Amino acid sequence: MPAPDPLRDLGVRPGPDGGTVRVWSAHAESVELEVFAADDLGWAVERVDLRRDEHGVWEGSAASLVPGARYGLRVDGPVGPEHAFNPAQTLLDPYARGIASAGVRSWRGVALGSLESEGFDWGGIGRPGTGRDHTVVYEAHVRGFSRANPAIPAKLRGTYAGLAHDASLEYLTSLGVTAVELLPVQAFASEDRLVRQGKVNYWGYNTLAFFAPHAAYASPAAQAAGPAAVRREFAGMVKRLHEAGLEVILDVVYNHTAEEGREGPTYSFRGLDNASYYRQDAHGRYVDTTGCGNSLDFGRDAPVRMVLDSMRYWAEELRVDGFRLDLAATLGRDEHDAFTPDHPLLRGMLDDPVLSQSKLIAEPWDVGPGGWQTGNFPAGFSEWNDRYRDRMRDFWLGDLRRERDTGSAGSGIGRFATRLAGSSNTFAASRGPLASLNFITAHDGFTLADLVAYDVKHNLGNGEDNRDGTDGNNSYNHGAEGPTDDPAILTARRRSIRNLLGTLLLSAGVPMITAGDEVGRTQRGNNNAYCHDSELTWLDWARGPEQEALLGTVRRLIRLRAENPALRPVRYGVFGETTPSANQVDWYNADGETMTIDDWNSPAERTLQYLAASTPEYEAFNRILLVVHALEQETEVVLPEHDGVTHYTLLWDSASGSPDVVAEDADPGDKVEVSALSIQLYRAEGPQA
């Protein structure tokens, strides 16, 4: 019979005579449980000394540790540069399901765990179970999404209930996205530096409690009712999104905690066992691979287990469908601080019967040595593809700037084509194009509207003298910095937005749209608006004709993606072979001839035709033709002749500001006009070849 798992059942487990708490600390010399009065969080009604086993797990029971109880831990231990024990301080249980002292902003607050009952009536609503090839991700902020929506009752705006409101669901489903990826919703705190400046950590990448929903995103009524009501409102949001066919993906920040640097606040891990939870050098100095002051040490079993337990809790108990793992290279660093794709934490996610069925998305880098790991995560993960982002921005914006400044775009179309077809030069053949999470923008960086309107960041409002935020934006303002009434510049900007969105939604891989890009949301040039909870970062629900036209364009592109399997292959094709659920691809130049080396590489020949035929397993045969023209002069293109293609039907043209396209048929060998800097999508009709 196998030995019991030494790290089993950490946290609190209720029983018939109260509850039992288990917490891990390898170096502690004593651990005391404190249970507090419900009406006075400064008054302990019961104290219990915990007992240590041979594995460093401390355990004890208390009759008062029942659902609704507020509790904390006091821990004492040795003194030394690697330790931070302070028995006078009450600490948060790392496994706490709720936070009793809501509104923790800095070290001045004390966070207590809250023991809550786990039940919720899901009403028979199942998970959508959307395949990765059908997935379109919408990255959104719980508060920012609905905070300014007049169609939602004021008391629900900016809350979990606001995201679950009929007005929100109607918007998301009509847009056509299949998954909402939420910026951090695990309980978090604002850094003390921000508090002193009168600011907040709006994005939430500063986790306080890995098992508790962030209380400030609940409605006022739920906040007043306490942690159990906050949890119910979160679960209710997931239920409503599932009922609408939308998956829920959480952006989770396991790489560091809200305890910041060595002199930062102590909430939990530092006081429990600083030497074991945080990566340090031989002198007790933090080894920070996150840029946030600390890094959890995933060379040890307990932090690994904590993350897996947390993820499984959110997936099983709260039924979320996936996780975007912030700075995931840190999660794969071993005891020697080196990244390995076979790390026990990464393998643990893939081997877990629940987590392996979730969507696992890695942000495949951190700021430590060897931190850039795009393409190196194991099969089963999708990865934010920064190479895709940078190349597509450069192709439509940087190259345009160079062409205007020097008369030459500086590069051909070959690298664009590689990204368009699924980034096979980045991901192993066994992983396929769905390993690539394609994006043009994300929460950090310019919005799409700002990407085409600003050459440089404008972050003075962040209080850091414009030092924060990247300078490598690959943006182009098209001739004027920021707002302008020049009609030619505005027309060019709108065309670039359509080209970027069209490229994103017609590329092989899993596309992600940043909330608001579909309506041209601006942050007025701020590319790091992490500390602004205001109209600057909220979605603006007042839309004019141009915003409505762009929204219609995005809806059409998502619908076309869904209707044409050749736009979303599961596997990479192999030349000369038929690979199931891949594409058979042919590349043609503007003359309808097979691309030559010069066609691929010449800055003067930036026109290609991408003919992709699906090799179906589960859907009907489909073939599309994508015509891409990336010069500022109009051109004529000869549509390619290909076995099985009898005619082409135009589905979309980025040259038009209207989402509606009059279907036009053309025959192979016909010449068609292609506008400057534009994309045309055709369905290639005819019998399956």
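Author: Helices (H or I, at least four residues) and strands (E, at least two) are DSSP runs, numbered from the N terminus. The model is predicted, with local features needing pLDDT of at least 70 and side-chain atom pairs pLDDT 80 or more, while totals for chains, interfaces and linings use all residues. Residues are numbered from 1 along each chain as its sequence is written, and side-chain values use heavy atoms, without hydrogens and water.

Reader: What makes a space here a cavity?

Author: On a 1 Å grid over the protein atoms alone, a cavity is a set of points where a 1.4 Å probe fits but cannot get out. Six cavities of 30 Å³ or more are counted by this rule.

Reader: How do you know the volume of the largest cavity?

Author: Grid points are joined across faces, edges and corners, and the space filled by probe spheres set on the points is the volume. For the largest cavity, that comes to about 190 Å³.

Reader: Why are His141 and Arg521 said to line the largest cavity?

Author: Lining residues have an atom within 4 Å of a point. His141 and Arg521 are among the 19 residues that line the largest cavity, and both belong to the group closest to its centre. Both β9 (137–140) and α1 (142–146) supply at least two lining residues.

Reader: What makes a lining residue of the second largest cavity nonpolar, polar or charged?

Author: Ala, Val, Leu, Ile, Met, Phe, Trp, Tyr, Cys and Pro count as nonpolar, Asp, Glu, Lys and Arg as charged, and the others, Gly among them, as polar. The second largest cavity's lining therefore divides into nine nonpolar, one polar and two charged residues.

Definitions and conventions: On a 1 Å grid over the protein atoms alone, a cavity is a set of points where a 1.4 Å probe fits but cannot get out, and a pocket is an open set with protein on both sides within 12 Å along at least five of seven lines; lining residues have an atom within 4 Å of a point.
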